[in-house]
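Hi,

Here is the structure I promised to pass on to you. Have a look at it first, then read on for what turned up.

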Amino acid sequence: MQIAPQLRACILLGFQVLGLACPSYAEPRPVEVSYAAPLPGSPELESWAKAQAIRSADMLAAQQLDNGAVLASPSQREPNYYFHWTRDAALVMTTQLLELTKKEQSARSLQLLARIADYLRFSKSTQEVPNQSGGVEDLLNLGEPKFHVDASAYDGPWGRPQSDGPALRALFILKLAKLAMAHAWIAAELQRLDIRLTMDEVLRRDLAYTLAHWRAPSFDLWEEVRGSHFYNRLVQYRALVDGAAYLRAEGQSALGRAYGDAATAIAASLERFWSSEHGYLLATLERSGGIDDKRQNLDIAIVLAALHAADPLDPFFAPTDDRVLATAARLSESFSAAYPINRITRDPSGHAMAPGIGRYPEDRYDGVGSSVGHAWFLTTLAMAELHYRVAKQLADTGSLALTERNLPFYQRALGAPSVALSRGAVLDRRDPAFLALMTRLRETADAYLARVRYHSGRNGAMSEQFSRYDGFMRGARDLTWSYAALVSAVAARTP
Ligand code: NOJ
Ligand code: NOJ
């Protein structure tokens, strides 16, 4: 076999030994129509996915410190991510709850509950001191995006406030409370850890902050743009809806009503993010500062929002929502064309690879500074998870109405059509197109996983990004959020 020069250099430099990504491809092949052919060798992808999920779960545990702080990454320079970010921590902890849903009490699940208690105590201390985002009386300090690992405030310049963090943490606590209702052993353990009161306190502040400040301008989840963001609003909506139900169950109906009313107002505001002119959901409205690169206002944040705020009983901007799917199709198309690595659509074992996905097409953050943006693991994994979830939903409901908005997404998944899809058609289980689609959606999701496998390290390491040019990993090493995104995508893969 002819070894590509990049690979030879890579082996010489010993990258493999260091566990860094070594793009093991032969010379770039001509552009192929992405993921059109049937997939060979899925069993080996499946076993990789399982092993990678176990490794990733171990990394999530390892990157939480004894005092409960969740490291964004162990990297302390270029870039320094050795901090506790409210957003990253909440998402990372939420993902770990999946372990509690599946499993009975075990040594491992008890350890996890102990770490959860540490996280909640740490969160409480960050809530109780003023910081650059504001004071404690009006709760504006809760908008602070990141903290030193001793829970003290980070005083340097930063894109603040960021209003998604408290809502994400509230969602975490509400999920934990539900698990405690469903499993007596979880309730008993939380009691034994003496954490119930702290849970309730942290939750109430997060909800109160969200209620009071959801309209205020905020920086986005990428910490770059000041304005009103779809991502923030959707997770705030879900936190208030679930929070209202929690309070009503606690007999606090007046407060519950206030949260419910705010959720209704947020829901109305979310409708404005759909642009029929663009044909996708806009990331930001009322931009009032920050980095001004995102000309198309097209951002994977929309897909992340649909995943992070999903509730199986509420179709509101769910992962199967037409407008979310229209946005996902545009993102896939756009990154597919923008990144040279995406011209390679098969890995060395012949498995189809879907495009590596970045944050937004005009992104310039290279993982350390500002030059040119790259593909990210967590965003590529979000696309995988979206496809698994849509496939599952189709299987559950057994029918699909094709609309002008969702057609491009389904057409893209189907690839070079053996069966044509047409707008206005309603498919059900008897249609060959329906069955083909269910298979193709899962294969597309697997193709995103294969993309991630290709660019990750031999030992499963995942940084924040992989280069759009050569596929090597970039940015913060061992990004905790990358591992959480993998665990979450692989969990969605399991029917
Ligand atoms: C660091 C932030 O964490 C990142 O998301 C952002 O893109 C850059 N700063 C912008 O300079
Ligand atoms: C930069 C990302 O843009 C932001 O979303 C994240 O919170 C921080 N890095 C920490 O991982």
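Let's begin with a histidine: the side chain of His229 reaches the backbone oxygen of Gly227 at 3.4 Å. Keep in mind that this is a predicted model, so every distance here is computed from predicted coordinates. The side chain of His229 has another polar partner too, since one of its polar atoms lies 3.3 Å from the backbone nitrogen of Asp220. You'll find His229 in strand 4, which covers residues 225-229.

Is His229 buried or exposed? It has a relative accessible area of 3%, and anything under 20% counts as buried, so His229 is buried. If you skip the residues up to four places away in sequence, the ones His229 touches are Ser218, Phe219, Asp220, Phe273, Ala283 and Thr284. Asp220 is the residue whose backbone nitrogen came up a moment ago.

Next, a glycine. Gly358 sits in the loop between helix 12 (322-338) and strand 8 (375-376). Being in a loop doesn't put Gly358 on the outside here: its relative accessibility is 0%, so it counts as buried. Which residues does Gly358 contact, leaving aside neighbours within four places in sequence? They are Ile300, Phe335, Tyr339, His374, Ala375, Trp376 and Thr379. For a sense of distance, Gly358 and Leu97 are 261 residues apart along the chain, and their C-alpha atoms are separated by 27 Å.

Now the ligands. Around ligand 1 you'll see Trp158, Trp222, Glu223, Glu224, Ile291, Arg359 and Tyr365. Sorted by type, this shell has four nonpolar residues, no polar ones and three charged ones. Three polar contacts are worth finding on your screen:

- A polar backbone atom of Trp222 is 2.8 Å from an oxygen atom of ligand 1.
- An N or O atom in the side chain of Glu224 is 2.5 Å from an oxygen atom of ligand 1.
- A polar side-chain atom of Arg359 is 2.8 Å from an oxygen atom of ligand 1.

On its own, ligand 1 has 300 Å² of accessible area, and the protein covers 74% of that.

How many residues surround ligand 2? There are 13, and the closest are Tyr81, Arg87, Asp88, Leu221 and Arg359. The shell splits into eight nonpolar residues, no polar ones and five charged ones. Here are the polar contacts to look for:

- A polar side-chain atom of Tyr81 lies 3.3 Å from a nitrogen atom of ligand 2.
- An N or O atom in the side chain of Arg87 is 3.1 Å from an oxygen atom of ligand 2.
- An N or O atom in the side chain of Arg359 is 2.8 Å from an oxygen atom of ligand 2.

The protein covers 97% of the 300 Å² of accessible area that ligand 2 has on its own. Did you spot Arg359 twice? What does its side chain approach in each ligand? An oxygen atom of ligand 1, and an oxygen atom of ligand 2.

Finally, zoom out to the chain. Its secondary structure comes to 16 helices and twelve strands. A compact globule of 495 residues would have a radius of gyration near 23 Å, and the chain has 22 Å, so the two agree. Of the 495 residues, 59% count as buried. Among contacts between residues at least 6 apart in sequence, 70% join residues at least 24 apart. The accessible surface comes to about 19600 Å², with 56% of it belonging to carbon and sulfur atoms.

Cheers

Terms used:
Residues are numbered from 1 along each chain as its sequence is written. Chains are lettered from A and ligands numbered from 1 in the order in which they are written. This is a predicted model: local features need pLDDT of at least 70, side-chain atom pairs count only at pLDDT 80 or more; totals for chains, interfaces and linings use all residues. Side-chain values use heavy atoms; hydrogens and water are left out. A residue is near a molecule or strand if one of its heavy atoms lies within 4 Å of it. A polar contact is a pair of N or O atoms within 3.5 Å; within protein, one must be able to donate a hydrogen and the other to accept it, and residues adjacent in sequence count only if both atoms are side-chain atoms. Accessible areas come from the Shrake-Rupley method with a 1.4 Å probe; for residues, only the protein chains shown count as cover. Ala, Val, Leu, Ile, Met, Phe, Trp, Tyr, Cys and Pro count as nonpolar, Asp, Glu, Lys and Arg as charged, and the others, Gly among them, as polar. Helices (H or I, at least four residues) and strands (E, at least two) are DSSP runs, numbered from the N terminus. The radius of gyration is taken over C-alpha atoms; the globule rule is 2.2 Å times the number of residues to the power 0.38. Buried means under 20% relative accessible area, exposed over 50%, partly exposed in between (1.4 Å probe, protein chains only). Contact means heavy atoms within 4.5 Å.
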